[in-house]
Amino acid sequence: MQRWTWVGGTWLLAAIAHRWWARAPEGSLSRALCDGLSHATLGLATSLPAARYAPRPERVLTGALLGALAIDLDHVAAARSIRLERCMTMPQRPATHSLAVAAALTGLVAGWDRFLGIGLGLGLGSHLVRDLVTGGAPLVHPRRVVRLREYLAVPLVVGLAAGGSWLMRRLPNEASSRETMLG
């Protein structure tokens, strides 16, 4: 029962942060902080069900936070500036906000540590779903921005969480592929 309280609380916090983001002025510090909080809590909400099946849940949760937050560093490169306003008010998201980049990063990290990789994939996936409903993202092709209606976000992220949980239950119960090789 307690684990579902954590999952539900994290989903609620993600929804609240998203609403704060929607009300904050574009390009403002408060909007940036709410965006980061929304991505982080959504990444955690998506990965908490899977993390309970990992021998070291912190690996999955760390990967989810990295995936949910680090992908936005591409805004700095795309805007060619570290100024917050320029990074947040670009006409569209960078081409690296795509399934191909998310899959490549997830595969690379999962080859090193599968639990961290699964968490990273869940964090990246939740980030991309939220971006699809908050202005769109170049999901498959760099020049074609895909947008979804907001009501589709919840079933997509719940499906992502269910898929991650299903995958974790089927993995052998080892600490991690890297620790197994070293130990």
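## Helix packing and a pocket in a predicted model

Helix 3 (residues 57-70) and helix 7 pack at an angle of about 35 degrees, with their axes 6 Å apart. Axes here are lines fitted to C-alpha atoms, for helices over the stretch in contact, and angles run from 0 to 180 degrees between N-to-C directions. Helices are DSSP runs (H or I, at least four residues), numbered from the N terminus. The model is predicted: local features need pLDDT of at least 70, side-chain atom pairs count only at pLDDT 80 or more, and totals for chains, interfaces and linings use all residues. Residues are numbered from 1 along each chain as its sequence is written, and side-chain values use heavy atoms, with hydrogens and water left out.

The crossing of helix 3 and helix 7 is right-handed (the near helix is turned clockwise from the far one by less than a right angle). On the helix 3 side, the contact (heavy atoms within 4.5 Å) includes Arg59, Gly63 and Gly67, and on the helix 7 side Phe115, Gly119 and His127. Its residues divide into eight nonpolar, six polar and one charged. Ala, Val, Leu, Ile, Met, Phe, Trp, Tyr, Cys and Pro count as nonpolar, Asp, Glu, Lys and Arg as charged, and the others, Gly among them, as polar.

Two further pairs also have right-handed crossings: helix 6 with helix 7, and helix 2 with helix 3. The packing values are as follows.

| Helix pair | Angle | Axis distance |
|---|---|---|
| Helix 3 and helix 7 | about 35 degrees | 6 Å |
| Helix 6 and helix 7 | roughly 165 degrees | within 6 Å |
| Helix 2 and helix 3 | about 150 degrees | 8 Å |

Helix 2 is therefore roughly antiparallel (over 145 degrees) to helix 3. Among the residues in this contact are Gly36, His39 and Ser47 of helix 2 and Pro57 and Leu61 of helix 3. The contact holds eleven nonpolar, four polar and no charged residues.

Helix 6 and helix 7 are likewise roughly antiparallel. Leu99, Thr106 and Trp112 are among the helix 6 residues that meet helix 7, where the partners include Arg114, Gly117 and Leu128. This contact comprises ten nonpolar, three polar and one charged residue.

The second largest pocket has about 300 Å³ of space. Of the 14 residues that line this pocket, Ala15, His18, Glu150, Ala153 and Val154 are the closest to its centre. Helix 1 (2-23), helix 2 (29-51), helix 7 and helix 8 (153-170) each supply at least two lining residues, and helix 1 gives the most, with five. By type, the lining has nine nonpolar, two polar and three charged residues. A pocket is an open set of points on a 1 Å grid over the protein atoms alone, where a 1.4 Å probe fits, with protein on both sides within 12 Å along at least five of seven lines; lining residues have an atom within 4 Å of a point. The volume is the space filled by probe spheres set on the points, which are joined across faces, edges and corners.

Conventions: Parallel < 35°, antiparallel > 145°, perpendicular 65-115°, else oblique.
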